Amino acid sequence: MSTTTLIKQWTRTITASSSAKVGIIELCSPSNRNALSTAMLLQLQSAITTFQNDDNDVRAVVIKSSPGSNVFSSGHDLKQIRLWQQQQQQQQGNNDDINSIAAARELFFQCSSTMKSIAQSPIPFIASVDGMATAAGCQLVASCDLAYATKRSTFATPGIKIGLFCSTPAVAVGRSVVGRKHAMEMLLTGDPVSAQRAADTGLINGPVLDDANQLEQKVNAVVDAIARTPTAVIQRGKEGFSNQMSHGHDLDRAYNVASTIMSEDVWREECIEGIDAFLEKRPPNWKN
């Protein structure tokens, strides 16, 4: 049985003078508004793994929707979920009932696994949003390290309006926005917020871009900036940031983690070369 292609993935060279590449993941399932079905999540997970195994040449990964689409991702496929509910209601107690419950559980746990793999990847992930991002689609944006959007884009966690609180999107959104109350307002009302509001509360990076062309230029500029820095420093920096942030308001533990990392990194060849280059007023000669 053939597998429907729900995403496209490829790499492109960032500059002609180096082997550094950016990975592109394009959500391309317009028939269900790029819904994060189990099948799409598995394909997304596979793409993430592929880019991570690309011998350090992939310096960043951009997740976006197909050109011209007004939807980044609508979240989970509600038609799929409703079908499972109907099967469970009609077949209570038999194997179909068990299969429906297992399928729903697989969806939400696979979604959590995919989002964690983005957050825990040593590669920076960038969401490039030109359209609507709702529920798990908003979760995908919040799970990325960076996110940029056009002014027509909106963001929402509207599960409350269909009787299903956006509990898993809340994990990523609650860790992205500045302040618990901003996250709870999105979760409790389900109302969409504008790209500007999303930028003001920290869900995405500013500035908000006028159109898709400006968005592409901004994302390319950020990718180029990342590519000019050493891979090892990016990887250790992302891991260290996540580690110290995991301690929440415990400043003693967070600073202990960060101090340990910096006291080790100061002796690494990237730091030695970087300081030499700064003092000698020349560009650093990074090995990677």
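User: Into which classes do the residues lining the second largest pocket divide, and how many are in each?

Analyst: Happy to help! In this predicted model, that lining divides into 13 nonpolar, nine polar and four charged residues. The space in the second largest pocket is about 580 Å³. Its lining has 26 residues, and Ser74, Gly75, His76, Leu78 and Ala135 are the closest to its centre. Two or more lining residues come from each of α2 (78-90), β6 (132-134) and α5.

User: What makes Leu78 count as nonpolar and His76 as polar in that lining?

Analyst: Leu is in the nonpolar list, whereas His is outside both the nonpolar and the charged lists, so His counts as polar.

User: Why is Ile81 called buried?

Analyst: Its relative accessible area is 13%, and buried means under 20%. The value falls under that cut-off, so Ile81 is buried. You will find Ile81 in helix α2.

User: Which residues does Ile81 contact, leaving aside its neighbours within four places in sequence?

Analyst: Those residues are His76, Leu107 and Phe108. To count as a contact, heavy atoms have to lie within 4.5 Å. As for Ser100, 19 residues away from Ile81 along the chain, the two C-alpha atoms are separated by 9.0 Å.

User: How many disulfides does a search of the whole structure find, and why is Cys144 not in one?

Analyst: The search finds zero. A disulfide needs two cysteine sulfur atoms within 2.5 Å. For Cys144, the closest cysteine sulfur is in Cys138, 11 Å away, so the pair is too far for a bond.

User: What about Cys166: how far is its sulfur from the closest cysteine sulfur?

Analyst: The distance is 8.4 Å, and the partner is again in Cys138. Set against the 2.5 Å limit, that is too far, so this pair is not a disulfide either.

User: Are Cys144 and Cys166 buried or exposed?

Analyst: Cys144 has a relative accessible area of 8%, and Cys166 also comes out at 8%. Since the cut-off for buried is under 20%, both cysteines are buried.

User: Which residues lie nearest the centre of the largest pocket, and which element gives the largest share of its lining?

Analyst: Nearest the centre are Ala172, Arg175, Ser176, Phe241 and Met245, out of 43 lining residues. Elements giving two or more residues to this lining include α3 (95-120), α5 (167-174) and α10 (251-265). Helix α9 gives the largest share, with eight residues. The pocket's volume is about 1,500 Å³, and by class its lining has 22 nonpolar, 16 polar and five charged residues.

Conventions. Residues numbered from 1 in each chain as written. Predicted model: local features only at pLDDT ≥ 70, side-chain atom pairs only at ≥ 80, totals over all residues. Heavy atoms only, no water. 1 Å grid on protein atoms, 1.4 Å probe; cavity = no way out; pocket = protein on both sides within 12 Å on 5 of 7 lines; lining within 4 Å. Points joined across faces, edges and corners; volume = space filled by probe spheres on them. Helix = DSSP H or I, 4+ residues; strand = E, 2+ residues; numbered from the N terminus. Buried < 20%, exposed > 50% of the residue type's maximum accessible area, 1.4 Å probe, protein only.
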